[in-house]
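Colleague: I would like to go through this model with you, beginning with the charged side chains. Could you take me through it step by step?

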Amino acid sequence: MGRLYYTEEGRALPSLCEELTTHRRAQKVLRLPATSTVGRLYILARARAGCTSPLRLAVNGREAEALQSVTPGRYRWYEVEVDPSRMVPGENAFEFWTDSTAMDAWSLAIEPGHGQPESFLSDDAGRRWRNERMAYLNAVRGEYVVRLRLEEGE
């Protein structure tokens, strides 16, 4: 079964989310062991109705295959395989954005109420990051609901 790596409990509020754009990007940092097995990344996200932009993802700065909407208008878990060559022992950064310039495409679930979150927000396409003034209203500190399962570490 493996081990699940996460930094939140999944207590996301659907109306308080992180709206993603090409400029407004989210980043989740997970501390992982060395591994030679494929990771399974789970992302709690929602595509808006009518969304045509994919959810884009980078693992440690390397872009992965983009996700297409499955059930527009509803939050659901999206699963992505992460090749072990993309992961490193220690801190791993998972970055999310979309090609839309407006907040009308994808939302990433966030759990508010964390003092020192390992989740970060950028308003300038990833040049600078902060872990405060997050979510739709720029009013909370929280953790993005993103998890990774490894079968086992080395």
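**Salt bridges and strand pairing**

Modeller: A network of salt bridges links Glu18, Arg24, Asp123 and Arg130. Please keep in mind that this is a predicted model.

Colleague: How many salt bridges does the structure hold?

Modeller: There are 16 salt bridges in the structure. One of the pairs is Arg24 with Asp123, whose closest N and O atoms are 3.0 Å apart. That pair links distant parts of the chain, 99 residues apart. Arg24 sits in the loop between strand 2 (17-20) and strand 3 (25-32), and Asp123 in the loop between strand 10 (119-122) and strand 11 (142-144).

Colleague: Is Arg24 buried or exposed?

Modeller: Arg24 has a relative accessible area of 6%, so this residue is buried, the cut-off being under 20%. Its partner Asp123 is partly exposed, with a relative accessible area of 40%.

Colleague: And which side chain meets Lys28 in a salt bridge?

Modeller: Lys28 meets Glu143, at 3.0 Å from N to O. Because Lys28 lies in strand 3 and Glu143 in strand 11, this pair ties together parts that are 115 residues apart in sequence. Lys28 counts as buried at 0% relative accessibility, and Glu143 is buried too, with a relative accessible area of 3%.

Colleague: Staying with strand 3, what does Ala26 contact?

Modeller: Ala26 is found in strand 3 and is buried, with a relative accessible area of 0%. Leaving aside neighbours within four places in sequence, Ala26 is in contact with Glu18, Leu20, Phe94, Glu95, Phe96, Leu108, Phe120, Trp129 and Tyr144. Glu18 in that list also belongs to the salt-bridge network with Arg24, Asp123 and Arg130.

Colleague: How many Å separate the C-alpha atoms of Ala26 and Trp106?

Modeller: The C-alpha atoms of Ala26 and Trp106 are separated by 11 Å, and the two residues are 80 residues apart along the chain.

Colleague: Let us move to Arg56. Which side chain does it meet in a salt bridge?

Modeller: Arg56 meets Asp99 in a salt bridge, at 2.5 Å from N to O. Arg56 lies in strand 5 (residues 55-59) and Asp99 in the loop between strand 8 (90-98) and strand 9 (106-112), so the pair ties together parts that are 43 residues apart in sequence. Asp99 counts as partly exposed, at 39% relative accessibility.

Colleague: In what sense do strand 5 and strand 8 pair?

Modeller: The two strands pair in the antiparallel sense, over five bridges. Within that pairing, Arg56 stands opposite Trp97 in strand 8. Strand 5 is mostly covered, with four of its five residues buried.

Colleague: What joins strand 5 to strand 6?

Modeller: Two bridges join strand 5 to strand 6 (residues 62-63), and these strands run antiparallel. Ala58 stands opposite Glu63 in strand 6. Strand 5 and strand 6 form a hairpin with two residues between them, and Asn60 in the turn has a positive phi of about 50°.

Colleague: Turning to the surface, which residues make the nonpolar patch of about 320 Å²?

Modeller: That nonpolar surface patch is made by Met103, Tyr136 and Leu137.

Colleague: Where is Tyr136 placed?

Modeller: Tyr136 is in the loop between strand 10 and strand 11, the loop that also holds Asp123. Tyr136 is partly exposed, with a relative accessible area of 44%.

Key. Residues numbered from 1 in each chain as written. Predicted model: local features only at pLDDT ≥ 70, side-chain atom pairs only at ≥ 80, totals over all residues. Heavy atoms only, no water. Salt bridge = Lys/Arg side-chain N within 4 Å of Asp/Glu carboxyl O. Buried < 20%, exposed > 50% of the residue type's maximum accessible area, 1.4 Å probe, protein only. Contact = heavy atoms within 4.5 Å. Pairing = 2+ DSSP bridges. Patch = residues over 30% accessible without salt bridge, like charges linked within 9 Å, V, L, I, M, F, W, Y side chains within 5 Å. Areas by Shrake-Rupley, 256 points an atom, 1.4 Å probe, with all protein chains shown as cover.
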